[in-house]
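Me: I have a model open and want to go through a few parts of it. Can you take my questions as they come?

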Amino acid sequence: MTQARTSTRTPALDDPRLRPFLPMLYVAWADGDLADEEMAALCSAVDPKCQALLRGWLDPSAPPSAEELARMLALVRSHTADMDRRGKLDLTGLGLEIAQADAEVTGVERSALESLEEAMGIAGTEAARQLLSTRRPARREREADPEFDLDAMKALLDGRWGELRRRVFRILAEPEFEHVDDLGKDAYRERVLGWCRRLAEEGLGALSFDETAGGGGDIGAFISAFENLAYFDLSLLVKFGVQFGLFGGSIQNLGTEHHHGRYLPAAGRLELPGCFAMTETGHGSNVADLETTARFDVASGEFVIHTPHVGARKDYIGNAACHGELATVFAQLELDHDGAWVGYGVHAFLVPIRDEDGRPCPGVNIEDDGTKLGLNGVDNGRLGFDQVRIPRENLLDRFASVAEDGQYTSPIASPGTRFFTMLGTLVGGRVSVALGALSAAKAGLAIAIRYGAKRRQFGPADVPETRLLDYQTHQRRLMPRLAQTYALHFALDHLRELYVASDPLERREVETEAAGLKAYSTWHTTDVLQTCRECCGGQGYLAVNRFAALKADTDVFTTFEGDNIVLLQLVAKALLGDYRRQFGDMKVWGLVRYVADRAAVTAAELNPVVTRLTGESHLRDPSFQRSALAWREQRLVSTVARRLKRLLDAETPLPDALGQCQSHLVAAAKAHTERLVLDRFADAVDACADPGLQKALGTLRDLYALWRLELDRGYFLERGYFEAPKAKAIQAQVDALCAEARTQAVPLVEAFGIPERLLAAPIAR
C-alpha cells in the first residue's frame with residue numbers, strides 16, 4: 001500500500017505549487033519526531049485550498065521514503081542556491097522567498113504557510129538555516145595570540161632552578177630515555193634502574209647530600225630535579241625518590257659524619273641501592289606504634305632486628321623486591337634494664353638485606369609485592385627479619401645514641417619531641433611528592449587543553465564545528481582546574497623555599513604547611529587527570545595519550561608519604577595549638593588549656609551590606625576573596641575548639657573526643673590549606689612587575705578563589721556569610737572568568753614549558 005502511494009506521489013515533487021511547502025514538509029518528516037496524532041493535527045491545519053495538494057504528503061500512514069526526503073532537500077537547496085542567506089528567514093519566509101523567486105509558482109498565500117508552521121510548533125530561524133546549510137566551511141585551527149610575554153611567564157614559573165630544569169630535560173632527551181610499549185614488569189624494572197643509574201652518573205642523585213660526601217649540598221635543586229622527572233615517567237620518579245630522597249636522605253638527615261662518609265658517596269652513585277623500610281603491613285601512618293624491634297645485645301655490641309609476626313613485616317618497600325642491598329629500617333629500640341626490656345621509641349637502623357651476589361642476607365626474608373595498579377617499574381617488596389644482627393654503629397644516631405655498655409643518650413630529652421624531630425627531618429619527601437603530583441596535573445591539562453583547542457564537535461551547520469574548548473561546559477571543567485594548578489604552583493614554590501631556608505630542627509611551620517599542601521596537591525592531581533581524561537573522550541582512554549599511565553601512577557600519591565586524611569588531622573591539631581609542645585604528645589592538659597582560650601573567640605561579625613554585594617568589582621577584589629576564605633577557616637577552627645572543650649568538660653577521653661570531631665577537624669584543615677593556597681597565589685600576583693603577566697595571573701586568581709567559594713556556597717549560605725543573590729552572582733562570575741581564561745588557555749599551558757617529547761600524547765601535538 002505504502003509503495004503504491006509513494007510511486008504515484010513522487011511526480012508531485014515537480015509541481016510548482018508544492019515548492020513553497022517543501023521546506024515545511026521536509027522539516028515535518030526529516031527528524032521523525034512528530035507522533036501520529038501531531039501529524040493528524042497538522043493535516044487539519046492545512047488551508048482548504050491546499051488540502052488536495054498536501055494531503056498525500058501529510059498522511060501518517062504513508063510517510064515519505066528516504067529517496068523522497070532526499071529529493072525534497074535537493075529541490076529546496078536548488079531553488080535557494082542564489083538566495084542571499086544573510087537574512088533571517090523562518091520556514092514561512094523561506095517558502096515565500098521560493099515563491100517570489102520562481103515565476104512558475106502562483107497563488108501561494110502567507111496565511112497557508114503560517115498555519116502549517118504554527119501547527120508544527122517551529123518558531124524562529126534555526127530550522128530554515130539548517131535546511132539551507134550544505135557542506136561546512138573549512139576549519140581553521142589557529143588560536144589567539146598570547147596577551148602576555150610567554151617567555152616571561154615560563155621564566156617566572158621556572159624560578160631559580162630553571163637551568164637545572166632544562167638540564168634534566170636535556171638528559172631525558174637522550175636516546176636511552178625512550179619508552180618501549182608493553183614491557184613486562186621485570187623488564188620495566190630493569191629499564192627504570194638503568195635510567196636511574198644514568199641520572200646518578202650526571203650527579204642528580206647526590207644533589208642534596210653533603211659536599212664532603214660528594215654531594216651538591218642543595219636540597220632545593222634535588223627537589224626540582226625530582227619534580228621535573230614527573231613529566232617523563234613516574235616509576236622513574238619514585239625509584240629516584242626512594243634511592244636518593246628516602247634512603248640517601250635518611251642517612252643524610254638521621255645519620256652523622258661517619259655514616260655520611262661511609263655510605264652517601266656510594267648511594268649517590270647508585271653503587272649502593274637502598275630501601276626506606278618504615279611502613280609495615282599492620283602499621284602505615286601510625287609510625288609511633290611500629291612493631292619491628294631492635295634490641296641491643298651488650299655482650300656482642302650488636303642490635304638484633306626482629307619481625308615479631310607477619311603483620312610487622314616491612315611492606316610496600318621500594319627497591320626491596322629486586323635491587324636493594326641496604327635498608328634504613330625503622331624499629332622500636334629496646335634496651336635491657338636489669339633483665340627487663342625497656343622501650344625508647346622508634347629509631348632508624350641500617351640493615352644489610354642482600355649480599356654482593358644479590359642473595360638475601362641470613363635471617364632476611366624478601367618477597368615481591370607483585371603487579372600494582374601503577375608504578376610497575378618500581379620493585380616494591382616485603383621485608384621480614386629473623387633475629388638479624390647488625391653492628392652498634394648502624395644506628396643512625398644524630399638524635400640518639402647507644403654506648404657500648406647499653407647507655408642511651410639523646411640531645412632531646414622528651415621522647416615525643418625527639419620522635420617528631422626525627423620525622424620532621426624527612427618532611428622533604430612530602431614537599432617533593434606534592435610538586436611531583438602537580439607536574440602530572442600540568443601534563444594532563446596541557447594534553448586536554450591542546451586537544452580541546454583543536455577538536456571540533458557539533459555547532460551551527462553552516463560554520464565550522466565548534467571547538468570543544470569553546471563550549472561553556474568544557475571551560476567549566478578545565479579552566480577552574482587550570483587556575484587551581486597555577487595557584488598550587490606558587491603555593492608549593494613558596495613551600496619549597498621555606499623548606500630550603502628552614503633549620504632542620506625548627507620546621508614546625510614547614511611540617512604543617514607540607515602536610516596540608518601534600519594532601520591538597522595530590523587530591524587535585526587525581527581530580528584533574530580524571531576530568532582531563534573525560535574531556536578527551538575516547539582519545540583520552542587510549543594508552544598512547546598517557547592518561548591511563550598518569551592516572552594509575554599518581555593514584556597512590558594520595559596515600560604515600562602520609563595518608564591525606566591523616567595529614568589533614570595533623571594540620572588540624574597544629575591549628576589548635578602548638579602541635580609538638582601541647583598537642584603532638586597528646587597531653588590532655590595542653591589541649592584543655594588551649595581550647596578553653598580558643599572557645600572564647602567568637603566568629604567575626606557579619607556585615608549585612610557585604611553579604612549582599614554582587615558587583616564584579618567587589619567579587620573580583622582579592623581582599624574580599626581572601627577574607628571570605630579566612631572567615632571560613634577561623635569559624636571552623638573556633639567551632640571545633642568549642643566542641644572539643646564541651647567533650648573534655650564532660651570527661652570524654654581525648655582520643656574519643658578527637659574521634660567524634662574528626663570530620664570537623666579535617667574540614668578545618670582543608671579550609672586552612674585552601675586559604676593558604678589563595679594567599680600564596682595572591683601574593684605572587686601582587687609581586688609580579690610585568691603588567692601582562694599580572695593581568696593573566698589575576699584572572700586565574702579570581703577564578704580559583706570564586707570557584708572555591710562557589711563549590712562551598714552551601715556553607716556560606718547556611719551561616720549567613722552570603723545571601724542567595726550573592727551566591728548567584730559568584731556563579732555568574734565563574735562563568736565569565738572561565739570564558740576569559742579560555743582565550744589564553746593554550747599559552748597558559750605552553751608556559752609550563754613541557755617539552756613535546758615528554759608530553760608525548762599524539763592528541764596534544
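Me: Which residues of H14 are buried?
Reply: In this predicted model, the buried residues of H14 are His259, His260, Tyr263, Leu264, Ala266, Ala267 and Gly268.

Me: And what covers them?
Reply: The cover over the buried residues of H14 includes two helices, H11 (185-201) and H13 (234-254), and two strands, E5 (326-337) and E6 (340-352).

Me: How many residues does H14 have, and what is its reach from first C-alpha to last?
Reply: H14 runs over residues 257-268, which makes twelve residues. Its first and last C-alpha are 16 Å apart, close to the 16 Å expected at 1.5 Å a residue.

Me: What follows H14?
Reply: Leu270 follows H14, and the phi of Leu270 is positive, near 60 degrees.

Me: Switching to cysteines. How many disulfides does the structure hold?
Reply: Zero.

Me: Cys361, then: buried or exposed?
Reply: Cys361 counts as buried, because its relative accessibility is 15% and the cut-off for buried is under 20%.

Me: Why does Cys322 count as partly exposed?
Reply: Because Cys322 has 30% relative accessibility, and partly exposed covers what lies between the 20% and 50% cut-offs.

Me: Now pockets. How much space lies in the second largest pocket?
Reply: About 1,000 Å³. The second largest pocket is lined by 34 residues, and the closest to its centre are His179, Val180, Asp181, Asp233 and Ala549.

Me: Which elements give two or more residues to that lining?
Reply: H11, helix H20 (547-554) and helix H32 (756-759). H20 gives the largest share of the lining, five residues. H11 also turned up earlier, as part of what covers the buried residues of H14.

Me: How do the lining residues of the second largest pocket divide into nonpolar, polar and charged?
Reply: The lining of that pocket has 19 nonpolar residues, four polar and eleven charged.

Me: What about cavities, how many of 30 Å³ or more?
Reply: A search of the whole structure finds one. The volume of the largest cavity is about 120 Å³. Of the 13 residues lining the largest cavity, Leu157, Asp158, Arg165, Glu227 and His489 are the closest to its centre.

Me: Which elements give two or more residues there?
Reply: Helix H9 (150-158), helix H12 (219-229) and helix H17 (472-501) each give two or more residues to the lining of the largest cavity.

Me: And how does the lining of the largest cavity divide?
Reply: Into four nonpolar, three polar and six charged residues.

Definitions and conventions: Residues are numbered from 1 along each chain as its sequence is written. This is a predicted model: local features need pLDDT of at least 70, side-chain atom pairs count only at pLDDT 80 or more; totals for chains, interfaces and linings use all residues. Side-chain values use heavy atoms; hydrogens and water are left out. A disulfide is a pair of cysteine sulfur atoms within 2.5 Å. Buried means under 20% relative accessible area, exposed over 50%, partly exposed in between (1.4 Å probe, protein chains only). Helices (H or I, at least four residues) and strands (E, at least two) are DSSP runs, numbered from the N terminus. The expected span of a helix is 1.5 Å times one less than its number of residues. Contact means heavy atoms within 4.5 Å. On a 1 Å grid over the protein atoms alone, a cavity is a set of points where a 1.4 Å probe fits but cannot get out, and a pocket is an open set with protein on both sides within 12 Å along at least five of seven lines; lining residues have an atom within 4 Å of a point. Grid points are joined across faces, edges and corners, and a volume is the space filled by probe spheres set on the points. Ala, Val, Leu, Ile, Met, Phe, Trp, Tyr, Cys and Pro count as nonpolar, Asp, Glu, Lys and Arg as charged, and the others, Gly among them, as polar.
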